[in-house]
Amino acid sequence: MATTTEEEQEEYMQQLRSKATELFIREEWNDSIQAYSQFITLCTHNLSLPHSDPQKLHKSLCIALCNRAEAKSRLRDFNSALQDCDHALQLDATHFKTLVCKGKILLFLNRYSMALHCFKTALLDPQASGNSEFLVGYFEKCKKFEFLSRTGNLDLSDWVLNGFPGKAPELAEYIGSVEIRKSEISGRGVFATKNIDAGSLILVTKAIAIERSILAGKDLSEDTQLVMWKNFIDKVVDFVRKCHKTRDLIGKLSIGENEDELEVPDVELFRPESIGEMHSSEDIDIDMVKLLAILDVNSLTEDAVSANVLRKNNDCYGVGLWLLPSFINHSCCPNGRRLHVGDYLIVHASRDLKAGEEITLAYLDPLTSLNKRKDMSVTWGIHCKCKRCKFEGEILFSKQEMKEIEIGIERGMDVGGLVYKLEEQMKRWKVRGKEKGYLRASFWSLYSEAYGSERCMKRWGRRIPALDAVVDSITDVVGGDHRVLKILMEELKKKGGGSGGGNLEMEKVFKLAREVYGKVVKKQAMKTLLELCIAD
């Protein structure tokens, strides 16, 4: 017969469990975690007592651990939540509620095959019959994402055609045929290990943290930007404190110094399934000086020249940190572009890539002159030594005519005449192939204004190159660019083509559109993106 002390202890445990449950139902997550922790400690202690009921205590422990895991996950303390799930499953490997809880957390963390195993096991439980609809939904979602994470076959067509409704769709993280190696450009870089066609996805990854403002970046005051930056840093710090593995991966990023001495990490470390060991959520020491330097060098803004943002309201300025893309170097002749969908960043090839070729993005505007790119490079801390910069530097230094063209632009001279002069000079200097593309890209503002002016084309149209030739020349060196695509579409509309233009013209447009947006939508949805491109 139980003693009075045992009866009192049993009553206290019952009160503690009721209190924890009530707090959990009221979604008071921190208080419920504290109450469940007390209950779990008491249960664990009672297991060692001689007259305890192990079966009953194990059952109580499983429920308490599972509920505490759920509460922790609501606070985004996912690693600690998974520890609770694993503890519960050690007591009962088929505990239905814990399997579902763990599966949902793993799915959120993009660990699809592990989440799939949890839901598959849960479906075998008799309790699954009463929860079959939502459980099968999670199971099918996991199967879909696991497939996408292996293949990179992403399709956003429905979302685009429906006008970007609601929140951005959840995407599956994907790393294609790439590796990290030492780079001749700077430090370390991301390289293709196989040939990659223009438009093909290279990687899809979710931000460690992102902070946005509802205003476009150019309209933000300095104070607002500082508040955004502080909030962004706080989010990164919070994530790092809760996940040691993330801290370790962030620690591998550059601080902008001693690039050649940095370790080259295995790309496999950045796959969600390779997250590694779980750690407790206790506070850990963070080198804030180093972290701030890493964020200063590696954080990306959504409103960049090499990026497109897919959402209903594009007038939204965001800054975020994406780990693997941080290893992608700059080039004034980029071969990649990025697409932002919600918190996900998609990198795709903007022109055909060969195995062994380094993947690059443009952090400086590739459709501006060398002098303007040099001015922008001061902000980015980039010292570009690419073939294009070297060639243009030599031309500007040695050819007085180039200086005269730049002076003509500043003075607002006739753009058609300036394009004609540049083209004639290139003939005299015997500039051919990619070098011709370099100069045309640098003076894109002239070409776009000339082709967009009916008056200018009447006067100069027969004496300057056709738009198609210039587009091919520029995209050959800088890949697809939405500004070039826009001019091409506007020219097609002038000819009476539009979306119903001739097959050859439209095929050229769609080819360039795939280089700009990537192969993420089918043809009808791509037409919608083209219409938005013209309206932008």
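**Exercise 1. The faces of a strand**

Which residues point one way from β10, and which the other way? Work it out on this predicted model.

*Solution.*
Step 1. Find the strand: β10 covers residues 336–341.
Step 2. Recall the general pattern: in a regular strand, side chains alternate between the two faces of the sheet.
Step 3. Sort the residues. Gly336, Arg338 and His340 point one way, while Arg337, Leu339 and Val341 point the other way.
Step 4. Check the burial. All of these residues are buried, which fits the count of 6 buried residues out of 6 for β10.

**Exercise 2. The sheet around β10**

Determine the strand order of the sheet that holds β10, and then trace some of its pairings.

*Solution.*
Step 1. Read the order: the sheet is open, with 5 strands arranged β1-β4-β11-β10-β7 and mixed pairing.
Step 2. Look at the edges. β1 (174–175) and β7 (307–309) each pair on one side only.
Step 3. Start from the β7 edge. β7 runs parallel to β10, with 3 bridges, and Ala307 has Arg338 as its bridge partner in β10.
Step 4. Move on to β11 (residues 344–349). Its pairing with β10 is antiparallel and has 6 bridges; here Tyr344 of β11 stands opposite Val341.
Step 5. Inspect the turn. The hairpin of β10 and β11 has 2 residues between the strands, and Gly342 adopts a positive phi near 60 degrees there.
Step 6. Finish at the β1 edge. β1 and β4 (residues 201–206) run antiparallel and are joined by 2 bridges, with Leu203 of β4 as the bridge partner of Ile175.

**Exercise 3. A sheet of 4 strands**

Identify the edge strands of the sheet β2-β3-β12-β9 and describe how β2 is joined to β3.

*Solution.*
Step 1. Classify the sheet: it is open, and its pairing is mixed.
Step 2. Take the ends of the order. The edge strands are β2 (178–182) and β9 (329–330), each pairing on one side only.
Step 3. Follow β2 to its partner. β2 and β3 (residues 188–192) run antiparallel, joined by 5 bridges.
Step 4. Pick out one pair: Lys182 has Arg188 of β3 as its bridge partner.

**Exercise 4. Two helix crossings**

Describe how α13 packs on α14, then do the same for α20 and α22.

*Solution.*
Step 1. Choose the descriptors: two packed helices are described by the angle between their axes and the distance between the axes.
Step 2. Apply them to α13 (residues 387–398) and α14 (residues 400–410). The angle is about 90 degrees and the axes lie 5 Å apart, so α13 is roughly perpendicular to α14.
Step 3. List the contact. α13 contributes Ile395, Leu396, Phe397 and Ser398, and α14 contributes Gln400, Met402, Lys403 and Glu406. By type, these residues are 4 nonpolar, 2 polar and 2 charged.
Step 4. Turn to α20 (residues 482–494) and α22 (residues 523–535). Their angle is about 95 degrees, with the axes 9 Å apart, so α20 is roughly perpendicular to α22.
Step 5. List this contact too. His482, Leu485, Lys486, Met489, Glu490 and Lys493 of α20 meet Leu530, Cys533 and Ile534 of α22. The division is 5 nonpolar, 1 polar and 3 charged.

**Exercise 5. The nonpolar cores**

Find the residues with the most contacts inside the largest nonpolar core, and examine the surroundings of Leu310.

*Solution.*
Step 1. Take the largest core, which has 71 residues; Leu156, Leu310, Tyr447 and Leu485 have the most contacts inside it.
Step 2. Ask which element gives the largest share: helix α21 (residues 503–517) does, with 7 residues.
Step 3. Zoom in on Leu310. Leaving aside neighbours within four places in sequence, Leu310 contacts Leu156, Trp159, Val160, Phe164, Leu339, His340, Val341 and Leu529.
Step 4. Look beyond this core. Another core, lying apart from it, has 46 residues, including Ile210, Leu249, Ile286 and Ile359.

**Exercise 6. A positive phi in a loop**

Is Lys430 buried or exposed? Describe its backbone as well.

*Solution.*
Step 1. Locate Lys430 in the loop between α15 (415–428) and α16 (433–442).
Step 2. Read the torsion: phi is positive, about 55 degrees, although Lys430 is not a glycine.
Step 3. Apply the cut-off. Exposed means over 50% relative accessible area; Lys430 has 59% relative accessibility and therefore counts as exposed.

Technical notes:
Residues are numbered from 1 along each chain as its sequence is written. This is a predicted model: local features need pLDDT of at least 70, side-chain atom pairs count only at pLDDT 80 or more; totals for chains, interfaces and linings use all residues. Side-chain values use heavy atoms; hydrogens and water are left out. Axes are lines fitted to C-alpha atoms, for helices over the stretch in contact, and angles run from 0 to 180 degrees between N-to-C directions. Angles under 35 degrees count as roughly parallel, over 145 as roughly antiparallel, 65 to 115 as roughly perpendicular and the rest as oblique. Contact means heavy atoms within 4.5 Å. Ala, Val, Leu, Ile, Met, Phe, Trp, Tyr, Cys and Pro count as nonpolar, Asp, Glu, Lys and Arg as charged, and the others, Gly among them, as polar. A nonpolar core is a set of buried Ala, Val, Leu, Ile, Met, Phe, Trp, Tyr and Cys residues joined through side-chain atoms within 4.5 Å. Buried means under 20% relative accessible area, exposed over 50%, partly exposed in between (1.4 Å probe, protein chains only). Two strands pair if DSSP finds at least two bridges between them.
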